[in-house]
Amino acid sequence: MTTATRPVGKAPVRNAMTVDIEDYFQVQAFEGVIDRSRWDSMPSRVDRNTNLVLDLFAETGVKATFFTLAWVAERNPSLISRIVAEGHELASHGMSHVRASDQDRPTFKEDVSRSKKFLEDMGGVPVRGYRAASFSIGERNLWALDVLAEAGYEYSSSIYPIYHDHYGMPDAPRFAFHPLDGEKLVEIPVTTFELLGRRFPCGGGGYFRLLPYGLSRWAMRRVNAEGQSCIFYFHPWEIDPDQPRQSEASAKSRFRHYTNLDVMAAKLRQALGDFSWGRADEIFLPAAAF
């Protein structure tokens with residue numbers, strides 16, 4: 001691959017709503033206190049929470065992209081049926097939330113190929129998109145994009161073009177681009193805005209939950225005013241204030257994970273009404289073809 005990039009043609013100002021389907025105990029912040037061997041014995045909330053998200057989308061008429069762990073799909077097949085039946089896009093979040101940066105090339109290829117086939121067999125639809133756990137594709141493992149193209153993916157949304165203690169590629173393009181010469185694969189970085197020469201996140205997740213809604217709305221409108229679509233993400237556990245608490249986690253992890261869970265659903269509902277939303281594949285792939 002090459003670090004050179006081709007800009008992708010401007011998309012209409014319609015934004016992509018995306019959901020990373022994983023349970024509250026599978027997040028990176030808790031990996032030091034919840035061993036993977038315990039996952040099957042933990043009280044699961046992902047079915048309940050994802051159905052609430054689907055109810056909210058049905059109520060507001062929004063179609064979205066669901067980046068889904070194969071681990072979750074295997075244990076909750078009715079979720080996959082509902083996602084597909086209601087017209088949302090089914091995409092891959094890998095087999096079991098292992099960071100791409102923690103895998104070598106053969107292991108990563110096995111993971112993304114298996115999860116794609118598993119979800120396609122279960123959902124009966126093509127899986128075109130992939131998002132790495134914790135946005136774990138960056139400068140040190142750009143080979144992962146070659147692997148995604150080899151596995152048949154058409155786009156990735158795995159690079160966050162900011163500085164962060166867990167992820168980030170701050171020099172990456174802010175908007176959708178073709179990272180590989182001669183390949184149609186598109187990388188869709190999570191949305192940021194620029195102010196006073198600095199880049200700030202405004203694509204959802206913890207930033208959206210922690211900061212005032214008015215700031216997120218202002219920032220996303222600023223991006224749309226540039227003629228660019230935002231790509232926004234959140235997790236089903238972020239609308240679940242009653243999830244079991246992990247008291248052994250660090251104070252920083254608990255702050256990041258639990259703050260404002262009780263207001264997240266209301267903030268999402270407001271965002272769904274204030275902006276135009278759709279599936280990532282329908283918004284970005286047609287624009288990338290020009």
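A residue counts as exposed when its relative accessible area is over 50%, and as buried when that value is under 20%. With that in hand, let us look around this predicted model.

**Helix H1**

A good place to start is helix H1, which has 15 residues, 46-60. At 1.5 Å a residue, H1 should span 21 Å, and its end C-alpha atoms are indeed 21 Å apart, so the two agree.

Which residues of H1 are buried? They are Val46, Asn49, Thr50, Val53, Leu54, Leu56 and Phe57. Because these cover an arc of only 155 degrees around the axis, they sit on the same side of H1. An α-helix has 3.6 residues a turn, so residues three or four places apart point the same way. Turned away from the buried side of H1 is a face that carries the exposed residues Ala58 and Glu59.

The buried residues of H1 pack against several elements, among them strand E2 (15-21), helix H3 (77-85) and helix H9 (261-274). Just after H1 comes Gly61, with a positive phi near 70 degrees.

**Two residues side by side**

| Residue | Place | Relative accessible area |
|---|---|---|
| Asn49 | helix H1 | 1%, buried |
| Leu196 | loop between strand E9 (192-195) and strand E10 (198-201) | 83%, exposed |

Leaving aside neighbours within four places in sequence, what does Asn49 touch? Asn49 is in contact with Pro236, Trp237, Ile239 and Asp240.

Leu196, for its part, belongs to a nonpolar surface patch together with Leu195, Leu211, Leu215 and Trp218. Together, the residues of this patch have about 490 Å² of accessible area.

Key
Residues are numbered from 1 along each chain as its sequence is written. This is a predicted model: local features need pLDDT of at least 70, side-chain atom pairs count only at pLDDT 80 or more; totals for chains, interfaces and linings use all residues. Side-chain values use heavy atoms; hydrogens and water are left out. Helices (H or I, at least four residues) and strands (E, at least two) are DSSP runs, numbered from the N terminus. The expected span of a helix is 1.5 Å times one less than its number of residues. Buried means under 20% relative accessible area, exposed over 50%, partly exposed in between (1.4 Å probe, protein chains only). The arc is that of the directions from the helix axis to the C-beta atoms. Contact means heavy atoms within 4.5 Å. Patches are made of residues with over 30% relative accessible area and no salt bridge: like charges are joined within 9 Å, nonpolar side chains (Val, Leu, Ile, Met, Phe, Trp, Tyr) within 5 Å. Accessible areas come from the Shrake-Rupley method with a 1.4 Å probe; for residues, only the protein chains shown count as cover. A salt bridge is a side-chain nitrogen of Lys or Arg within 4 Å of a carboxyl oxygen of Asp or Glu.
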